[in-house]
Every structure is written in structure tokens, then in C-alpha cells.
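Please look over the model below before reading on. My notes take it point by point.

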Amino acid sequence: MTLRRCRDHVSRQRPAAALQLTRTAEVHPPHRGIDSMFSVSWRRTRLRIGATLAMTVAVVATSFLPQPAYATTYDRGMALPSFAVKPYDYNSQWQGPMDRALSSWNVTPTPVWITKSSSAPNVIVAAQYPGVTWFGLYTPHGSKPGRYFDIKLNSLTIGTATYYFDRFVTQVLVHELGHSLSLVDNPATSQRSIMTYGLDHSLYYVPQQYDINDVNNYYG
Ligand SMILES: [Zn+2]
């Protein structure tokens, strides 16, 4: 269910290789602007019927399917909430906001403790990934307890942010790290969560109380 939801939020024109990738990965969703676009399309389809629009409806309808109540955690996260990532080195536009994502998890009242170590198997990369619509991509490798992950941040899509770019970088990485901490996309709750698609990054870019509770429930 979760993986299918993620695929629903990426472009239908994506190449086969990318589709293959998302079967083992979690993508960060399009931001508010694209969600709004889907909503507009949804309203239009009530007035017009066409093959293209029908496809859009399928995307929208699936996006709003209710999730079972138990689907609040994700079984492809890390075995423990304390782990290291390999050090990364980017320009100040990225480095600070990325570091803030790590520290914003570390200051939560949870067992989360994310450090940097050159020997860490976990990798966070910010780069240009053309031809895709995702902002961030979490990919787990191996199985517990030896699981490790890589997180990709797509500078091409994140760079489209027209305001509070730094907060958008942080939000995307906090979200992807949420997957490493066993949090699922769009948890079945009305409470605010960093894992919810379409969250305004200018306001919400650090772990929310719901996320803190979920992590404590899972690892506590
Ligand atoms: Zn996600």
C-alpha cells in the first residue's frame, strides 16, 4: 500500500529504470503546488470525461484512499534509532539545511541520535536527478539488524522552491530520515506529521509531535 502510494505521486512518464527503483524506495511527495494541481484536475473531471483526465482521476482517487489504522509505521527502517551517516560536504545553501535536518531529529525527546562517521554505511547525497518528480528518495538495503540506507535529495526538484528554500531542504531530509526511523508516508491520522504529503515547508520542516510519538512507540 505504501509503496503504491509513493508511485502514485511520481510522474507517469518516468522511465522504466526509475519505476524499478521506487519499488524498493520511498519517495518524498510533490509539494503543495502539485497537490493543488491534482485537486483542480479532480474537479475538472467531474465536468469532462477523457482518457487523459481519467488517468489523473486514478492518481487522485488512489491518493485519497484511507489507510488502515495500523499503517503508521514502516518496516523498512533501521533496526535502531541511533546510527551514523557518512559525512557530506556541500555549499552553504545545502550543508546548513541538511545538518539542521539531522539536529532537528537529535533534539527530539526520543532515542534518535544521528551522527556522522566516515565508516558509516548510510549515505545522504544531494545531486541532480533529471526526469523524475520526487524531491527525496529513501532506499533501504539489506535486512535488520544489518540494514543500511541511502537518501537522495534531488536538487532539480527541490530547487523549484520559490520561498524558504533552506526550509524545503530541511523538510525533505527530515521526511526521508523519518523513513529510516520507521515512519510511513501519510500516516492514518488527522494530526500534523512531517510524513504527510503536501505539508507547507515554510511552516513545518522539523519532526512534529505525532512523529515523535510514533518513533517512541516503535523504538521505545
Ligand atoms: Zn516519503
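Here are the numbered points on this predicted model.

1. Start with two helices. Helix 5 covers residues 92-106, and helix 7 covers residues 165-180. They pack at an angle of about 40°. Their axes are 8 Å apart.

2. How should we describe that angle? Angles under 35 degrees count as roughly parallel, and 65 to 115 as roughly perpendicular. Helix 5 and helix 7 are therefore oblique to each other. Their crossing is right-handed.

3. Now see which residues touch. Helix 5 brings Trp94, Gly96, Pro97, Met98, Arg100, Ala101, Ser104 and Trp105. Helix 7 answers with Asp166, Val169, Thr170, Leu173, Val174 and Leu177. By class, this contact has 9 nonpolar, 3 polar and 2 charged residues.

4. Next, the core. The largest nonpolar core holds 35 residues. Ile114, Ile151, Val172, Leu173, Val174 and Leu177 have the most contacts inside it. At least two core residues come from each of these elements: strand 2 (82-85), helix 5, strand 4, strand 5, strand 6 (148-154) and helix 7. Helix 7 gives the largest share, 6 residues. Note that Leu173, Val174 and Leu177 also sit in the contact with helix 5.

5. Last, a loop residue. Pro130 lies in the loop between strand 4 (123-127) and strand 5 (136-141). Is Pro130 buried or exposed? A residue counts as exposed if 12 or fewer other C-beta atoms lie within 10 Å of its own. Pro130 has 7 such neighbours, so it is exposed. In sequence, Pro130 and Ser155 are 25 residues apart. In space, their C-alpha atoms are 9.3 Å apart.

Notes
Residues are numbered from 1 along each chain as its sequence is written. This is a predicted model: local features need pLDDT of at least 70, side-chain atom pairs count only at pLDDT 80 or more; totals for chains, interfaces and linings use all residues. Axes are lines fitted to C-alpha atoms, for helices over the stretch in contact, and angles run from 0 to 180 degrees between N-to-C directions. Helices (H or I, at least four residues) and strands (E, at least two) are DSSP runs, numbered from the N terminus. Angles under 35 degrees count as roughly parallel, over 145 as roughly antiparallel, 65 to 115 as roughly perpendicular and the rest as oblique. A crossing is left-handed if the near helix is turned anticlockwise from the far one by less than a right angle, and right-handed if clockwise. Two residues are in contact if their C-beta atoms, placed from the backbone, lie within 7 Å. Ala, Val, Leu, Ile, Met, Phe, Trp, Tyr, Cys and Pro count as nonpolar, Asp, Glu, Lys and Arg as charged, and the others, Gly among them, as polar. A residue is buried if 20 or more other C-beta atoms lie within 10 Å of its own, exposed if 12 or fewer, and partly exposed in between; C-beta atoms are placed from the backbone. A nonpolar core is a set of buried Ala, Val, Leu, Ile, Met, Phe, Trp, Tyr and Cys residues joined through C-beta atoms within 7 Å.
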